[in-house]
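Open the model in your viewer and keep the sequence panel beside it. The tour below goes from one selection to the next and says what is there.

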Amino acid sequence: MNKSVLFVFLLAVGYSAAAYSHKYDHIDVMSVLRNARMLHRYVQCLLDVPNTCTKDGDYLKQVLPEAIKTNCAQCDAKQEDTAVRVTAYLMKHHDDWWKQIDERYNAGSSEFVAAHKAKIDEYKNTL
């Protein structure tokens, strides 16, 4: 299940699993997003809270800055849509976590969020 959460966070901030692997493509993203305890652990990892990172979390922290810079350039259409959904979900249901991620990685001011603002707003109304 930890790999499921990694998948969600990779997409939440614009990281493309397509550039590296499709091994997370089968994950039910919404069920993972609804598990606040698991999400919280990955947020803590991303924010450098000691002893919170799994091997997958460490990898996420390693690739996250590049992913944000590239605006999900390596994403296929499905992954990009999933990234938009995850971003919208975090903004709506875990705004405090989203703000911390944004502060640390400038995710909210990334081109990805700006380019997908209308779709993010649409998903925020339905998630």
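Which residues does Thr52 touch, not counting residues up to four places away in sequence? Select Thr52 and show its surroundings: the residues touched are Arg41, Gln44 and Cys45. Note before going on that this is a predicted model.

**Stop 1: Thr52**

Thr52 is in the loop between helix 3 and helix 4. With a relative accessibility of 9%, Thr52 is buried, because the cut-off for buried is under 20%. Show the side chain of Thr52 and look for two polar contacts to backbone atoms. One goes to the backbone nitrogen of Cys45, at 3.2 Å. The other goes to the backbone oxygen of Val49, at 2.7 Å. Cys45 therefore appears twice at this stop, as a residue that Thr52 touches and as the owner of the backbone nitrogen that the Thr52 side chain reaches.

**Stop 2: Thr54**

Move along to Thr54, which is also placed in the loop between helix 3 (36-46) and helix 4 (55-70). Is Thr54 buried or exposed? The relative accessible area of Thr54 is 18%, so Thr54 counts as buried. Add Tyr42 to the selection: the side chains of Thr54 and Tyr42 are joined by a polar contact of 3.0 Å.

**Stop 3: Asp48 and Asn51**

Stay in the loop between helix 3 and helix 4 and select Asp48, which is found there. Most residues other than glycine have a negative phi. Asp48 is not a glycine, yet its phi is positive, at about 65 degrees. Asp48 is partly exposed, since its relative accessible area is 39%.

Now select Asn51, which lies in the loop between helix 3 and helix 4. Asn51 is not a glycine either, and its phi is positive at about 60 degrees. Which is Asn51, buried or exposed? Asn51 has 76% relative accessibility and so counts as exposed.

**Stop 4: three pairs across the sequence**

Each of the next selections is a pair of C-alpha atoms. Begin with Arg34, in the loop between helix 2 (29-33) and helix 3. Arg34 is exposed, with a relative accessible area of 57%. Add Tyr89, which is 55 residues from Arg34 along the chain; the C-alpha atoms of the two are separated by 9.3 Å.

The next pair begins in helix 4, at Lys69. Lys69 has a relative accessible area of 72% and is therefore exposed. Glu111 is 42 residues from Lys69 along the chain, and their C-alpha atoms are separated by 7.9 Å.

For the last pair, select Ala107, in the loop between helix 6 (95-105) and helix 7 (111-115). Ala107 counts as buried, at 2% relative accessibility. The C-alpha atoms of Ala107 and Asn71 are separated by 9.8 Å, with their positions 36 residues apart along the chain.

**Stop 5: Arg104 and Tyr105**

Select Arg104 and Tyr105 together. The charged end of Arg104 sits over the ring of Tyr105, at 4.9 Å from the ring centre. A search for aromatic pairs finds zero in the structure.

**Stop 6: the whole chain**

Clear the selection and switch to a cartoon view. The protein has eight helices and zero strands, so from the N terminus on the elements run α-α-α-α-α-α-α-α. Of the 127 residues, 46% are buried. Switch to a surface view: the protein exposes about 6500 Å², with 48% of it supplied by carbon and sulfur atoms. Among contacts between residues at least 6 apart in sequence, 75% join residues at least 24 apart.

**Stop 7: confidence**

Colour by pLDDT to finish. The average for the protein is 79, and 80% of the residues score at least 70. Which element has the lowest mean pLDDT, and which the highest? Helix 1 (residues 2-12) has the lowest, at 52, and helix 8 (residues 117-126) has the highest, at 94. Select residues 13-18 as well: pLDDT stays under 50 there, and the model has 24 contacts beyond four places in sequence for these residues.

Technical notes
Residues numbered from 1 in each chain as written. Heavy atoms only, no water. Helix = DSSP H or I, 4+ residues; strand = E, 2+ residues; numbered from the N terminus. Buried < 20%, exposed > 50% of the residue type's maximum accessible area, 1.4 Å probe, protein only. Polar contact = N/O pair within 3.5 Å; in protein donor to acceptor, adjacent residues only side chain to side chain. Contact = heavy atoms within 4.5 Å. Areas by Shrake-Rupley, 256 points an atom, 1.4 Å probe, with all protein chains shown as cover. Phe/Tyr/Trp six-rings, centres within 6.5 Å; stacked < 30°, edge-to-face > 60°. Lys NZ or Arg CZ within 6 Å of the ring centre and 35° of its normal. pLDDT = per-residue confidence, 0-100.
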